[in-house]
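Subject: Structure handover

Hi,

Here is the structure I promised to pass on to you. Have a look at it first, and then read on for what turned up.

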Amino acid sequence: MKKTLLAAAVVGAFSMTAHAQSSVTLYGLIDAGVAYTSNSTTSSASGSKNFRATSGLVNGSRWGLKGSEDLGGGNKAIFVLENGFSINNGTSGQNGRMFGRQAFVGLQNDRFGAVTIGRQYDSLVDYLAPLTLNGSSFGGTIASHPYDNDNTNNSFRVNNSVKYSSANYNGLTFGGLYGFSNKAGDFANNRAFSAGVNYANGPLTVAAAYLERQGNPGNNNGTGAVDTSNGGDSVFQSSKQRVWGIGGNYAFGPATVGLVYTHTQLQGLTGLNYNSTAVAFGNDGLKFDNFEVNGRYMLTPAVSLSAAYTYTMAKQDSTDKKPKFHTVTLQADYRLSKRTDVYLTGSYQHISDNEGTGLQAGVGAAGGMSSTSSQTVVGTGIRHRF
C-alpha cells in the first residue's frame, strides 16, 4: 500500500512539473467600426460614395493559439496558429484559410534564436515594417503605401517556409526566411526568400530588409510560397517581386519620429487586385519608390496622436509614365483600458501622371479603389485585445 501511494505521488509530481513547463495561450484582437469613402470603383459600383461597417480598418481582426514547451537547457518547442476573420460576417480572411495569418512550429534556444516551419511573415515584415506607420497600431492598414507594394502591411504571408529568428544580442536582432516552391522539377517556380536586421539602442531604432518572390505566371504553381492567383494573398500577379528598404525611428520624451524608404520592382506583371478592384496588365514592368515620414505623440498615457506622409514615385515600363502618389494619414486614439481603445482615423491619397497606366488612387482598407485621381477614407472604431 505504501509503495502504491509513493508511486502515485511521484507520478503526480512529474505531471505537475510537465504542466508547469508547458503553456498554451489564447489571444486575439477585434477591430470594428464604420467608415466613409469619398469615391470607389468595384465590380458593382463606380464613382460612388460609400458608408460601411468595417472590420480591420486599422488592424486586422484575429484570434490565435500560441504555446511553448520547455525542453531543458534553454531550449523550447514553440508554435503559433492564428486566424484572421471579419467581425462583420464571421468569415475567415486570407482567402478563407483557417489559420491564414500564421501557422508554424519550431524550436527556440535562449542563446541562438529560433527555427520555425510553416506559413509565416517575411523578414521585411518582421524587422522593417514596425518602423512604418502602417506596420504599427498607430496607423495600420489605412496607412498602407500604394497597393501595399512593399508588403509592409503584410498583404501576403509565405507558405512552405523555413525561418530563422535570432535572439536579442544587446538590441541587435536579425533573421532570414526561405519559402519553398514545393514543385517537382521547377524549384524556382513560386519561391520566396528574405533577410532583415533591426538594432534598437535607447531612443534609436534602425532596420534594413530584403524580400524577393519568384514565380512563373505561364505555369502557375498554386502550392508554392505565395498565393498569386487573382483574389489570393498577393496584390500583384507577376513573375518577380523584389523589395528592399531601410528606416529608422527616434524617440524623445513622449514623441517618436521615423523615416523609412522602400524600393519595389515588379517584372512580368499581368494584374493586380486591391480593395476588391482588379486591374489587368500585359506582362509589364513596374517600380515603386516609397518615402515615408511618420510621427506619434503621447498626449497622456491614454491619448495618442499619429501621422504619416508618404511620397511614392512609380515607373511603368510599357508606357514610360511616372505616376506620383501623395498619401497622408492621421489618427487619434484613446485607451479606455489596457485592452480596449477607440480611434478616429483618416487617410487621403492623390495620384498624378497616371493617364493610360491603369493605376488608380486607392487608400488602404478602402471599399474599392478610386474612380478619380483622389480618394479619402475617414473612419472611427473600437479595438479590443484579449
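Before the strands come up, one term: two strands count as paired if DSSP finds at least two bridges between them. Please also keep in mind that this is a predicted model.

**The whole chain**

The protein chain holds two helices and 18 strands. Its radius of gyration is 22 Å, close to the 21 Å that the globule rule gives for 386 residues, so the chain is as compact as a globular protein of that length. The C-alpha trace spans about 90 × 60 × 40 Å along the principal axes.

Buried residues make up 48% of the 386. Taking contacts between residues at least 6 apart in sequence, 61% join residues at least 24 apart. The accessible surface is about 17100 Å², and carbon and sulfur atoms account for 61% of that surface. As for charge, there are 29 positive and 22 negative side chains, with the centres of the two sets 7 Å apart.

**Around β8**

Strand β8 covers residues 172-179, and it has a partner strand on either side of it in sequence: β7 (residues 158-165) pairs with β8 in the antiparallel sense over five bridges, while β9 (residues 191-201) runs antiparallel to β8 and is joined to it by eight bridges. Within the first pairing, Tyr164 has Gly176 of β8 as its bridge partner. In the second, Leu172 stands opposite Tyr199 of β9.

In a regular strand the side chains alternate between the two faces of the sheet. In β8, Thr173, Gly175, Leu177 and Gly179 form the covered face, whereas Leu172, Phe174, Gly176 and Tyr178 form the uncovered one. The two residues named in the pairings above, Gly176 and Leu172, thus belong to the uncovered face.

β7 and β8 form a hairpin with six residues between them, and Asn170 in that turn has a positive phi of about 55°.

**Positive phi elsewhere**

Most residues other than glycine have a negative phi, and most peptide bonds are trans. Two further asparagines are worth a look when you check the backbone. Asn95, in the loop between β4 (75-84) and β5 (102-109), has a phi near 65°. Asn182, in the loop between β8 and β9, has a phi near 60°. Is Asn182 buried or exposed? Asn182 has a relative accessible area of 54%, and the cut-off for exposed is over 50%, so Asn182 is exposed.

**β15 to β17**

Further along the chain, β15 (residues 303-316) and β16 (residues 324-335) pair in the antiparallel sense over eleven bridges, with Leu305 opposite Ala332 of β16. β16 also pairs antiparallel with β17 (residues 340-352), here over twelve bridges, and Lys324 stands opposite Ser352 of β17. The link from β16 to β17 is a hairpin through four residues.

**A buried serine in a loop**

Lastly, Ser136 sits in the loop between α2 (123-128) and β7. With a relative accessibility of 12%, and buried meaning under 20%, Ser136 counts as buried. Which residues is Ser136 in contact with, leaving aside its neighbours within four places in sequence? They are Asn59 and Pro130. Arg111, by contrast, is 25 residues from Ser136 in sequence and 28 Å from it in space, C-alpha to C-alpha.

Happy browsing, and all the best!

Technical notes:
Residues are numbered from 1 along each chain as its sequence is written. This is a predicted model: local features need pLDDT of at least 70, side-chain atom pairs count only at pLDDT 80 or more; totals for chains, interfaces and linings use all residues. Side-chain values use heavy atoms; hydrogens and water are left out. The radius of gyration is taken over C-alpha atoms; the globule rule is 2.2 Å times the number of residues to the power 0.38. Buried means under 20% relative accessible area, exposed over 50%, partly exposed in between (1.4 Å probe, protein chains only). Contact means heavy atoms within 4.5 Å. Accessible areas come from the Shrake-Rupley method with a 1.4 Å probe; for residues, only the protein chains shown count as cover. Lys and Arg count as positive and Asp and Glu as negative; His and the chain ends are not counted. The place of a charge is taken as NZ of Lys, CZ of Arg, CG of Asp or CD of Glu.
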